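Subject: Structure handover and notes

Hello,

Here is the structure you asked for, with my notes below it. Please read the notes with the coordinates open.

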Amino acid sequence: MTVETVVEKETRAAFGQLRLDGVTRRFGKAVALSGFDLRIEGGEFIALLGPSGCGKSTALNCLAGLLPLSDGAIWLDEERIDTLPPEKRGFGMVFQNYALFPHLSVRKNVAFGLSVRRTGKAETARRVDEALRTVELTEHADKLPGQLSGGQQQRVAIARAIVLRPKLVLMDEPLSNLDAKLRVQMRTEIRRIHQTLGLTTVYVTHDQEEALALADRVVVLRSGKVEQIGTPEEVYTYPASTYIAGFMGYRNLLELPVLSVADGRVTLGEKDGLALTGIGQQPISGGRAVAAIRPEDFRVGDAGAENRVSVRVEVSEFHGREVAAEGVTDDGRVVHFKLPERIAPGERVTLTVQPERVLVFGESVREAAEALDEPVETGAQDGG
Ligand code: ATP
């Protein structure tokens, strides 16, 4: 029997379902998390996603028992656990800053939790060896944390959590201190460990790519409330709001008056200006609406398409496989798109996009502002 199957046997199916019912946390009058409902099945990988301040860490800390709830309850199968202290919940935590003991070897860091639980010597040695093998750190067991790279230190932190065979592993932005390349490697590593050990994981991140790559289901939070829960495919393809669309790479959020609505297709536009037809994601009756378009869904050239956008190129950046470009329409709207090769600033191009690739939301473009890293372009007609 391999090491992995030993650990697997002992940790798999630690519970059937974890239930958060109306979990609410207030700080004075401020509501950090409001009526959070979620069912987590044993073995699932859940990502809590949202920008800074949306309540992700509050949710995780409520689960861990580090923060008491202001309202609501948490159930592990038939047992109510929100009233239990952290150590009685049997959850493991992995933080952004690793929180390793600098004066203890890797092996002793990993063994620490077991010694607190007074686990016997032989059993401790066996479990620490298993955990180190799972995170592929066996040969570094006698080093101090300071002698390891950031990624290795994070793996020690993971080993320290999994050695306790937690029912649930909680991770709060564990990769944010690593450089881009290592982040991607460690992401795969975390998914592998989750699968190998049959863990149940709740993972907090503000990085949508990380959430989509890792999770079985993504929970998007906004101002302390759930905005959407779905598989990565669902959230990516059918974002429930402009806010989520902005977060999921729909960088172009163009607010325009509604001209017509028929059979789910919505045409937006201005007289003698930009006109776009897309698919309504919500009931839309009139007024203004937002067309959400990914940069990669624009094509260069005007062959026979109904959605034509003429822009003057301002910037085009070489990104290896493609060129990312920014252009401006005649009415001053910034449009992000991709090009096969660089184009000189000042040149004009016509872009087209299939109506099926244009999502129309009956909301204000400002709804998305929090989700984007940049000021939202509302265009000259928006009135500021
Ligand atoms: P970040 O990614 O920046 O950590 P987050 O999504 O994890 O953000 P939380 O830390 O959960 O957000 O905070 C949610 C809200 O609750 C924020 O508005 C925050 O200011 C507030 N908050 C969090 N902790 C406290 C506290 N101890 N006292 C008062 N307000 C708090």
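Is Phe112 buried, partly exposed or exposed? Its relative accessible area is 35%, so Phe112 is partly exposed, as the value falls between the cut-offs of 20% and 50%. Bear in mind that this is a predicted model. The rest of the notes go from the whole chain to the helices and then to the aromatic pairs.

Overall

The protein chain has 384 residues, of which 51% count as buried. Its secondary structure comes to 10 helices and 20 strands. The C-alpha trace spans about 80 × 45 × 40 Å along its principal axes. Taking contacts between residues at least 6 apart in sequence, 68% join residues at least 24 apart.

Helix 2

Helix 2 covers residues 56-64 and is mostly covered, with eight of its nine residues buried. Those buried residues are Lys56, Thr58, Ala59, Leu60, Asn61, Cys62, Leu63 and Ala64. Gly65, just after helix 2, has a positive phi of about 95°.

Helix 4 and what covers it

In helix 4 (residues 106-116), the buried residues are Val106, Asn109, Val110, Ala111, Gly113 and Leu114. The cover over these buried residues includes helix 5 (121-134) and helix 6. Arg118, just after helix 4, takes a positive phi of about 55°.

The axes of helix 4 and helix 6 (residues 150-162) come within 7 Å and cross at roughly 30°. Because angles under 35 degrees count as roughly parallel, helix 4 is roughly parallel to helix 6. The crossing of helix 4 with helix 6 is right-handed. On the helix 4 side the contact is made by Val106, Asn109 and Val110, and on the helix 6 side by Val156, Ala159 and Arg160. Sorted by class, the residues of this contact are four nonpolar, one polar and one charged.

For helix 4 and helix 5, the axes come within 10 Å and cross at roughly 120°. The two helices are therefore oblique to each other. Helix 4 also passes helix 5 in a right-handed crossing. Helix 4 contributes Val106, Arg107, Val110, Ala111 and Leu114 to the contact, and helix 5 contributes Thr124, Arg127, Val128, Asp129, Ala131 and Leu132. By class, the contact of helix 4 with helix 5 has seven nonpolar, one polar and three charged residues.

Val106 and Val110 of helix 4 take part in the contact with helix 6 and in the contact with helix 5. Both of these valines are buried.

Helix 6 and helix 7

Helix 6 also packs against helix 7 (residues 180-197), at an angle of about 20° and with the axes 11 Å apart. That angle makes helix 6 roughly parallel to helix 7. The crossing of helix 6 and helix 7 is right-handed. Helix 6 makes the contact through Gly150, Gly151, Gln154, Arg155, Ile158 and Ile162, and helix 7 through Leu182, Met186, Glu189, Ile190, Ile193 and Leu197. The residues of this contact divide into seven nonpolar, three polar and two charged. As background for reading these lists, an α-helix has 3.6 residues a turn, so residues three or four places apart point the same way.

Aromatic pairs

A pair of aromatic rings is described by the distance of the centres and the angle of the planes. The count comes to three aromatic pairs, and two of them are described here, starting with Phe45 and Tyr203. Their ring centres are 5.8 Å apart and their planes are at 45°, so the pair is tilted. Phe45 lies in strand 3 (residues 45-49) and Tyr203 in strand 8 (residues 201-205), so the pair ties together parts that are 158 residues apart in sequence. Phe45 and Tyr203 are both buried.

Phe101 and Phe112 form another tilted pair, at 4.7 Å centre to centre and with 55° between the planes. Phe101 is in the loop between strand 6 (91-94) and helix 4, and Phe112 is in helix 4, 11 residues apart. Phe101 has a relative accessibility of 28% and counts as partly exposed. Its partner Phe112, the residue asked about at the start, is also partly exposed, at 35%.

Regards

Note on methods. Residues are numbered from 1 along each chain as its sequence is written. This is a predicted model: local features need pLDDT of at least 70, side-chain atom pairs count only at pLDDT 80 or more; totals for chains, interfaces and linings use all residues. Side-chain values use heavy atoms; hydrogens and water are left out. Axes are lines fitted to C-alpha atoms, for helices over the stretch in contact, and angles run from 0 to 180 degrees between N-to-C directions. Helices (H or I, at least four residues) and strands (E, at least two) are DSSP runs, numbered from the N terminus. Angles under 35 degrees count as roughly parallel, over 145 as roughly antiparallel, 65 to 115 as roughly perpendicular and the rest as oblique. A crossing is left-handed if the near helix is turned anticlockwise from the far one by less than a right angle, and right-handed if clockwise. Contact means heavy atoms within 4.5 Å. Ala, Val, Leu, Ile, Met, Phe, Trp, Tyr, Cys and Pro count as nonpolar, Asp, Glu, Lys and Arg as charged, and the others, Gly among them, as polar. Buried means under 20% relative accessible area, exposed over 50%, partly exposed in between (1.4 Å probe, protein chains only). Rings of Phe, Tyr and Trp (its six-membered ring) pair if their centres lie within 6.5 Å; planes under 30 degrees apart count as stacked, over 60 as edge-to-face and the rest as tilted.
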